[in-house]
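User: I should like to learn how the features of a protein model are read. Could you take me through them one by one?

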Amino acid sequence: MEPIIAAVELASELSRTTVLDVRYRLGAPPGRPEYEAGHIPGAVYVDLDSELAGEPGVNGRHPLPDPEVFGAAMRAAGVSADRDVVVYDAAQGWGAARAWWMLRWTGHTRVRVLDGGLAAWTAAGQPLETGTADPAHGDFTPAVGSAPLLTADDAAALARRGLLLDARAGERYRGEVEPIDPVAGHIPGAVSAPTTENVAEDGRFLPAEVLAARFAELGAKDSAEVGVYCGSGVSAAQQVLALAVAGIPAALYVGSWSEWTADEARPVATGAQPG
């Protein structure tokens, strides 16, 4: 199954698909009011902070949630193991990609992201509904470990032996500015790869061959092992999704920079790309 789906294709499959609305913006309030004001018919709102992440702390701002909490949230949203799932948001795919990755990591094999998100749906002339959805309870039971996951030590080692991509903005990677976490810079050996370069102006992912060329130029070639991190494991999930569109498997460091910098003993690099 392809990792993304076009709006026109989703429209034709809507009656047999569970749709999740995962609107999320860093530092903004939850997206439920926006969801209730207009969403894809039948879509269920999923809150990233409370249902796709655990409590912030030494493991980062968006650590993995308890699998039972996540499973209960997915069942309440109507997710079943044998039913297709499509997730979307209203930005560049960050929130949707986090849900996509979480479902893949917990064993769901039939999940895709709506390419271009809600804007692509409305641009295709498709309708919205207001209020909230009331889906039938699903039967999904998480089976963790079904997608590759990195710890802090794993990420450090991968930066030395393979390719560790930093999905944050370039100025944060270089250490010129850090608006969120206590230390500026990047994991030594990591390569800057901002997520903004994965999508076109309309929010849709670039063609697979264009993405493949981009990642090859960054070092994802010759069967290189690839991992991704960001600030807290959200935008990095979009990068893992972009890599999947390009046909390149990649692991996610969920703790990301917010976990890395929580330990003062971990090294920090600044400046341009490694030589």
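Analyst: The dialogue below treats the sheet, the salt bridges, a helix, and the cavities and pockets in turn. The structure is a predicted model.

User: Let us begin with the sheet. In what order do the strands stand, and is the pairing parallel or antiparallel?

Analyst: A sheet is read by listing its strands in spatial order and noting how they pair. Here five strands form an open sheet, ordered 1-5-4-2-3, with parallel pairing. Strand 1 (4–5) and strand 3 (44–45) are at the edges; each has a single partner strand, so one side of each is left without a neighbour in the sheet.

User: How many bridges join strand 2 to strand 3?

Analyst: Strand 2 (residues 17–21) is joined to strand 3 by two bridges, and the two strands run parallel. To place the pairing at residue level, one may take aspartate 21, whose bridge partner in strand 3 is tyrosine 45.

User: How should I approach the salt bridges, and how many are there in the whole structure?

Analyst: The general idea is that side chains of opposite charge can pair when their charged atoms come close. A search of the whole structure finds 15 salt bridges. One of them joins glutamate 13 to arginine 112, with 2.9 Å between the closest N and O atoms. Glutamate 13 belongs to helix 1 (residues 7–13) and arginine 112 to strand 5 (residues 111–114), so this pair ties together parts that are 99 residues apart in sequence.

User: Are glutamate 13 and arginine 112 buried or exposed?

Analyst: A residue counts as buried when its relative accessible area is under 20%. Glutamate 13, with a relative accessible area of 12%, is therefore buried. Arginine 112 is buried too, with a value of 6%.

User: Which residue forms a salt bridge with arginine 110?

Analyst: Arginine 110 pairs with aspartate 84, and their closest N and O atoms are 2.4 Å apart. Arginine 110 lies in the loop between helix 5 (94–105) and strand 5, whereas aspartate 84 lies in strand 4 (residues 84–88), so the pair ties together parts that are 26 residues apart in sequence. As to accessibility, arginine 110 counts as partly exposed at 35%, while aspartate 84 counts as buried at 12%.

User: Salt bridges may also share residues. Which residues are linked in a network?

Analyst: The network of salt bridges links Arg61, Asp166, Arg168, Arg172, Glu178 and Asp181. Aspartate 181 and arginine 172 meet through their side chains at 3.5 Å, N to O. Both of these residues are buried.

User: What does an exposed aspartate look like, taking aspartate 82 as the case?

Analyst: Aspartate 82 has a relative accessible area of 65% and is exposed. Its place is the loop between helix 4 (67–76) and strand 4. Distance in sequence and distance in space are read separately: aspartate 82 and aspartate 66 are 16 residues apart in sequence and 23 Å apart in space, C-alpha to C-alpha.

User: Turning to helices, how many residues of helix 10 are buried?

Analyst: An α-helix has 3.6 residues a turn, so residues three or four places apart point the same way. Helix 10 (residues 235–245) is mostly covered, with 10 of its 11 residues buried. Among the buried ones are Ser235, Gln238, Leu241 and Val245. After the helix comes glycine 247, with a positive phi near 85°.

User: How many cavities are found, and what lines the largest one?

Analyst: Three cavities of 30 Å³ or more are found in the whole structure. The largest cavity holds about 50 Å³ of space. Its lining includes Arg23, Tyr24, Pro30, Tyr45 and Asp49, and by class it comprises six nonpolar, one polar and four charged residues.

User: What are the volumes and linings of the two largest pockets?

Analyst: The largest pocket contains about 210 Å³ of space. Of its 16 lining residues, Leu26, Trp94, Arg168, Arg172 and Ser235 are closest to its centre. The lining divides into eight nonpolar, five polar and three charged residues. The second largest pocket contains about 170 Å³. Met1, Trp100, Arg104, His108 and Ala244 are among the residues that line this second pocket, whose lining has five nonpolar, four polar and two charged residues.

How values were computed: Residues are numbered from 1 along each chain as its sequence is written. This is a predicted model: local features need pLDDT of at least 70, side-chain atom pairs count only at pLDDT 80 or more; totals for chains, interfaces and linings use all residues. Side-chain values use heavy atoms; hydrogens and water are left out. Buried means under 20% relative accessible area, exposed over 50%, partly exposed in between (1.4 Å probe, protein chains only). Helices (H or I, at least four residues) and strands (E, at least two) are DSSP runs, numbered from the N terminus. On a 1 Å grid over the protein atoms alone, a cavity is a set of points where a 1.4 Å probe fits but cannot get out, and a pocket is an open set with protein on both sides within 12 Å along at least five of seven lines; lining residues have an atom within 4 Å of a point. Grid points are joined across faces, edges and corners, and a volume is the space filled by probe spheres set on the points. Ala, Val, Leu, Ile, Met, Phe, Trp, Tyr, Cys and Pro count as nonpolar, Asp, Glu, Lys and Arg as charged, and the others, Gly among them, as polar. A salt bridge is a side-chain nitrogen of Lys or Arg within 4 Å of a carboxyl oxygen of Asp or Glu. Two strands pair if DSSP finds at least two bridges between them.
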